[in-house]
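Colleague: Please give me a close look at a single part of this model, the pairing of its strands and what packs on them, and add whatever else deserves attention in the backbone.

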Amino acid sequence: MSKTLQDTQCSRLYRSSATPDQQRAAFRSGEVPVAVYGLGRLGLSLSMVYASTTGHVVGVGNDQERVARIDDGECPVDDEPRLPSLVRTATTADALSVTTRTGAVAKEASVHVIAVETGIRSDNAPDFSELRTLLRDIAPALDSGDLVLVESIVPPGTCRDIVQPILLAGSDLDADEFGVAACPSRATPGRSLREMRGSYPKIVGGVDAESTLAAAVVYDELRVSEVVTVNTSTVAECARVVESVYRDVTIGLANELAGLADELGTDIPRAIEAANTHPRCDVPDPRPGTGGYDLPDTPYYLINECASSTPLIEAAREVNESMPEHLANALVRELAATDTHIEDAVVLLLGLSHHPNVGETRAAPSIELSNTLARFGATVVGVDPLVEDTSAFEDIYFAGVDHVREMDLDAVVVVTDHDVFDEFDWSVFDPPLVVLDGRGSLDGSADASLSAHHVTRFGVSSSN
Ligand SMILES: NC(=O)c1ccc[n+]([C@@H]2O[C@H](COP(=O)([O-])OP(=O)(O)OC[C@H]3O[C@@H](n4cnc5c(N)ncnc54)[C@H](O)[C@@H]3O)[C@@H](O)[C@H]2O)c1
Ligand SMILES: CC(=O)N[C@@H]1[C@@H](OP(=O)(O)OP(=O)(O)OC[C@H]2O[C@@H](n3ccc(=O)[nH]c3=O)[C@H](O)[C@@H]2O)O[C@H](CO)[C@@H](O)[C@@H]1O
């Protein structure tokens with residue numbers, strides 16, 4: 001994987017004098033050395049996609065233990081379908097090599113794919129710390145013709161105002177000697193590989209036209225679906241933020257509507273479902289809150305960073321962030337209806353991650369929900385066989401699914417409906433158990449054992 005003068009034309013894609021067909025062939029053949037920085041869910045999945053197209057990729061991590069595990073063929077992300085077996089095969093076949101030596105790898109690579117974590121800090125400002133550190137390590141090793149692709153989700157203007165300036169400052173190159181493009185990932189946890197390989201079009205936009213062209217060559221070769229090129233990196237970054245903000249605002253609308261259920265005496269999820277039969281209406285489902293690495297963070301890329309006011313986006317955030325407390329208050333009311341005080345109640349949270357069938361708890365609403373219930377005086381028990389890292393939780397006990405039947409529970413809140421809960425046996429609990437269905441996943445007509453309990457669904461009035 002060395003850069004020599006004679007292979008410059010085919011080993012580098014930015015301002016290459018090779019024809020597009022030659023560039024594509026060189027990329028496919030592995031002649032264009034690729035490094036992926038960040039070996040989390042995104043970076044590992046991307047590494048597999050690159051390796052399957054080019055034959056080899058170098059993955060760079062900053063955690064020695066994690067890198068050693070991957071080097072042994074072990075996949076630290078075990079809830080991404082097919083990823084563990086692909087990582088095992090790729091490390092064995094030398095299609096993936098991993099290291100913590102950023103500078104050495106950056107010196108050899110000519111396509112640099114950035115997949116470190118971004119998001120927001122505790123004060124809601126964008127968190128560029130991992131990105132800045134990485135860029136400072138890559139910069140001195142950057143060569144003329146190199147291409148830097150930013151897959152992490154970043155605020156509009158990041159490639160232009162942060163990525164390119166740090167690389168310019170740390171290298172001896174001019175701006176027209178290396179390319180930078182925003183290529184924000186649109187993958188969802190649990191579907192990463194499938195979605196990267198072409199479920200949705202890939203949006204790419206460079207800091208200059210040459211960067212856009214080179215990025216388009218790469219993604220054309222990687223993907224089976226369409227590549228959408230936009231004229232600047234800021235448009236590409238903004239497009240990804242628009243996607244998330246659209247989702248957050250519409251979820252905020254759904255959650256606000258759900259809060260009107262009792263007053264209106266109706267079933268809001270059913271009303272939304274019926275309204276959505278018209279193509280102009282696409283309201284999501286009310287849920288216990290929004291979690292994950294981008295929905296809770298991305299709106300703040302606009303709220304705090306733009307001088308203009310953003311009342312709608314802020315209001316949606318406020319609604320969505322208040323959902324755990326809203327649900328906790330609803331539970332207090334339902335428990336009171338069965339003469340149980342929240343201070344005396346043992347409450348089980350079923351599903352702790354932010355997405356069904358995935359073990360990730362980043363910004364999961366269950367964290368705030370358990371904190372609120374514990375603050376109200378309840379004893380909180382969490383059950384989630386997929387979650388390994390429970391460090392974000394405070395006043396909560398954890399139990400296995402099979403141990404729940406031995407517990408003297410007063411209430412269950414369905415927070416995340418993993419498939420493994422389909423067989424949950426409600427008949428083992430003494431009625432009436434207060435059951436608050438936050439996902440609309442319980443079907444009383446299909447499961448007779450539920451009928452003995454006091455079941456309410458979030459967004460559905462009991463008088464409906
Ligand atoms: N998780 C997803 O499914 C997904 C999907 C779309 C977009 N994204 C975007 O990708 C970003 C990363 O997501 P993730 O879930 O993979 O995050 P993650 O935190 O699981 O992984 C990031 C990895 O980068 C490593 N890292 C940090 N600094 C580094 C450095 N200087 N050099 C090498 N490695 C370094 C960290 O140790 C960590 O293992 C998110 O912030 C988001 O913007 C993620
Ligand atoms: C484009 C965009 O915006 N980003 C995507 C978005 O994808 P998504 O929205 O498909 O992911 P989900 O995991 O399903 O939902 C996220 C949260 O929103 C809650 N939710 C969902 C549907 C609904 O009808 N009502 C809700 O309230 C749900 O409970 C959960 O907490 O977020 C993912 C994670 O950040 C990202 O991976 C993915 O890129």
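Modeller: A residue is called buried if 20 or more other C-beta atoms, placed from the backbone, lie within 10 Å of its own, exposed if 12 or fewer do, and partly exposed in between. The model is predicted, with local features needing pLDDT of at least 70 and side-chain atom pairs pLDDT 80 or more, while totals for chains, interfaces and linings use all residues. Residues are numbered from 1 along each chain as its sequence is written, and chains are lettered from A and ligands numbered from 1 in the order written.

By the burial count, Asp94 is exposed, because 10 other C-beta atoms lie within 10 Å. Asp94 sits in the loop between α5 (83–92) and β3 (96–99) (helices are DSSP runs of H or I with at least four residues, strands runs of E with at least two, numbered from the N terminus), and its phi is near 60 degrees, a positive value in a residue other than glycine. Asn124, which is not a glycine either, has a positive phi of about 70 degrees; Asn124 belongs to the loop between β4 (111–114) and α7, and is partly exposed, since 15 other C-beta atoms lie within 10 Å.

Turning to the sheet itself, 6 strands form an open sheet in the order β11-β10-β9-β12-β13-β14, with parallel pairing (two strands pair if DSSP finds at least two bridges between them). The edges are taken by β11 (397–398) and β14 (454–457), each of which has a single partner strand, so that one side of each is left without a neighbour in the sheet. Helix α16 (residues 323–337) packs on the sheet, touching β9, β12, β13 and β14, and its direction makes about 150 degrees with that of β13 (contact requires C-beta atoms, placed from the backbone, within 7 Å; axes are lines fitted to C-alpha atoms, for helices over the stretch in contact, with angles from 0 to 180 degrees between N-to-C directions).

Within the sheet, strand β9 (residues 346–350) runs parallel to β10 and is joined to β10 by 5 bridges, one pair of bridge partners being Leu348 and Val381, the latter in β10. Strand β10 (residues 379–383) is mostly covered, as 4 of its 5 residues are buried. Helix α17 (residues 365–375) lies across β9 and β10 and runs at about 155 degrees to β10.

Elsewhere in the sheet, strand β12 (residues 411–414) and strand β13 (residues 434–437) also run parallel, joined by 4 bridges, and Ala411 stands opposite Val434 of β13. The loop between β12 and β13 holds Pro432, and the peptide bond joining Pro431 and Pro432 is cis, with omega of about -5 degrees.

Outside the sheet, the helix that follows the loop of Asn124 also has a packing partner: the axes of α7 and helix α8 (residues 158–170) come within 8 Å and cross at roughly 35 degrees. Here Arg132, Leu135, Arg136 and Ile138 of α7 meet Val163, Ile166, Leu167 and Gly170 of α8. The crossing of these two helices, α7 and α8, is right-handed (the near helix is turned clockwise from the far one by less than a right angle; an anticlockwise turn would make the crossing left-handed).

Note on methods. Two residues are in contact if their C-beta atoms, placed from the backbone, lie within 7 Å.
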